[in-house]
Amino acid sequence: MPSNSKVGVYVDVENIKRSGGYGMLYDVLRKFACRDGAEPIRLNAYVGFDRRRAERDRRYERNVRNFFSTIRDYGYKVIEKEVKWYVDEDGVEFAKANADLDMAVDALLQSENLDRVLLVTGDGDFVQVVRALQNKGCRVEVVGFDHVSVALKQETDMFTSGYLIPNLLPIHQTDPGVSWGDINSRVRGTCYYYRQGEHYGFMRYLKHINRLWITDPREPESPYQTIYCNPSAFEDFDKFDLLPSRSIAFEFKLAESTRVPGQLQAEEIVVVSG
């Protein structure tokens, strides 16, 4: 059933690119933001553009302009922030294109017409913005990848790791005929249960993005799936004392269970973040 809620999406593109989200698919992000029938009112992407580099590197300019055109095709408004060059006290040149203020002001001004705001960033400077939006009556969600501010995670109404959203950051499938969630496909998830004494556990991943609040995978409408894992399936990982953990994102293969016919188990488990 449509939720009739109105959502605004504000993407700190440079922060996401620097923090593990390079290659993020903006059409998938839009679907995630508009899950459960929400209507997109604002889709804003704040990007840096180095005009000085563009003047001498036509390939850079072409690639950036093509990127802008692609996300515009998905309905995003591209807000360009020109890169400024500075020289520090040691004479070293550095670039800066900070769009935080623009993004914060736009989100606050436009929130009057929104029920839900999705901030795509890991920058802790947005903590006060989250509080202000909540005080204006908006539900505030955050999507980020690496180096996400702990304070930002704690302040938001819901934080979702971009690694865990199906297809948001493409996975190289060893079998080109499979998609996320199919047998023999690779997905990303977390280890939500681990029995230290008996050396086994369960991984959890998203099958789809609707009704995220139904976290119990035994519920028929839950988007979550849990599968068995064995320590021998982990590759280059020995910190089992940290498990279970919601802060470590794993990528793994969905394989047919060798224990229970008709069930799945996780194989070829590798850490992607955390």
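A salt bridge here is a side-chain nitrogen of Lys or Arg within 4 Å of a carboxyl oxygen of Asp or Glu. Let's put that to work on the structure above, which is a predicted model: local features need pLDDT of at least 70, side-chain atom pairs count only at pLDDT 80 or more, and totals for chains, interfaces and linings use all residues. Residues are numbered from 1 along each chain as its sequence is written, and side-chain values use heavy atoms, with hydrogens and water left out.

**Exercise 1: a charged pair and its network**

Task: find out how the side chains of E141 and R139 meet, and whether each residue is buried or exposed or in between.

Solution.
- Start with the pair: E141 and R139 form a salt bridge, with N to O at 3.1 Å.
- Next, sort out burial. Buried means under 20% relative accessible area, exposed means over 50%, and partly exposed is in between (1.4 Å probe, protein chains only).
- E141 has a relative accessible area of 2%, so this residue is buried. R139 comes out at 38%, so it is partly exposed.
- Now widen the view: R35, R116, R139 and E141 are linked in a network of salt bridges.
- For the whole model, the rule gives 17 salt bridges.

**Exercise 2: two more pairs**

Task: work out which parts of the chain are tied together by R188 with E251, and by E221 with R211.

Solution.
- Helices (H or I, at least four residues) and strands (E, at least two) are DSSP runs, numbered from the N terminus.
- R188 and E251 make a salt bridge, their closest N and O atoms being 3.6 Å apart. R188 sits in strand β9 (residues 186-195) and E251 in strand β12 (residues 245-256), so the pair ties together parts 63 residues apart in sequence. Both R188 and E251 are buried.
- E221 and R211 also form a salt bridge, at 3.5 Å, N to O. Both lie in the loop between β10 (200-206) and β11 (224-229), so this pair ties together parts that are ten residues apart in sequence.
- E221 is partly exposed because its relative accessibility is 47%, and R211 is partly exposed because its value is 30%.

**Exercise 3: a buried charge without a partner**

Task: describe the surroundings of D123.

Solution.
- Place the residue: D123 is in the loop between β6 (116-120) and α6 (127-135).
- Check the charges, counting Lys and Arg as positive and Asp and Glu as negative, with His and the chain ends not counted. D123 is buried but has no salt bridge; R18, the nearest side chain of opposite charge, is 6.1 Å away.
- Look for backbone partners: the side chain of D123 reaches the backbone nitrogen of D125 at 2.9 Å.
- List the contacts (heavy atoms within 4.5 Å). Not counting residues up to four places away in sequence, D123 touches D12, N15, D100, S149 and L152.

**Exercise 4: where two domains meet**

Task: characterise the interface of domain 1 and domain 2.

Solution.
- The bounds, which come from an automatic or database domain assignment, are 6-164 for domain 1 and 185-273 for domain 2.
- Taken over C-alpha atoms, the domain centres are 30 Å apart.
- Nine residues of domain 1 are in contact with eleven residues of domain 2.
- Buried area is the accessible area (1.4 Å probe) that two parts lose on being put together, summed over both. Here this area is about 880 Å², with carbon and sulfur atoms giving 63%.
- D36, Y163 and L164 supply 61% of the area that domain 1 buries against domain 2, more than any other three residues.
- The count of salt bridges between the domains is zero.
- A polar contact is a pair of N or O atoms within 3.5 Å; within protein, one must be able to donate a hydrogen and the other to accept it, and residues adjacent in sequence count only if both atoms are side-chain atoms. Four residue pairs across the interface are in polar contact, both residues at pLDDT 80 or more.

**Exercise 5: two glutamines**

Task: say where Q173 and Q265 lie, and which polar partners they have.

Solution.
- Q173 is in the loop between β8 (158-161) and β9; its relative accessibility is 15%, so Q173 counts as buried.
- A polar atom of the Q173 side chain lies 2.7 Å from the backbone nitrogen of R186.
- Q265 is in strand β13 (residues 264-273), and is buried because its relative accessible area is 9%.
- The side chains of Q265 and E267 are joined by a polar contact of 3.1 Å.
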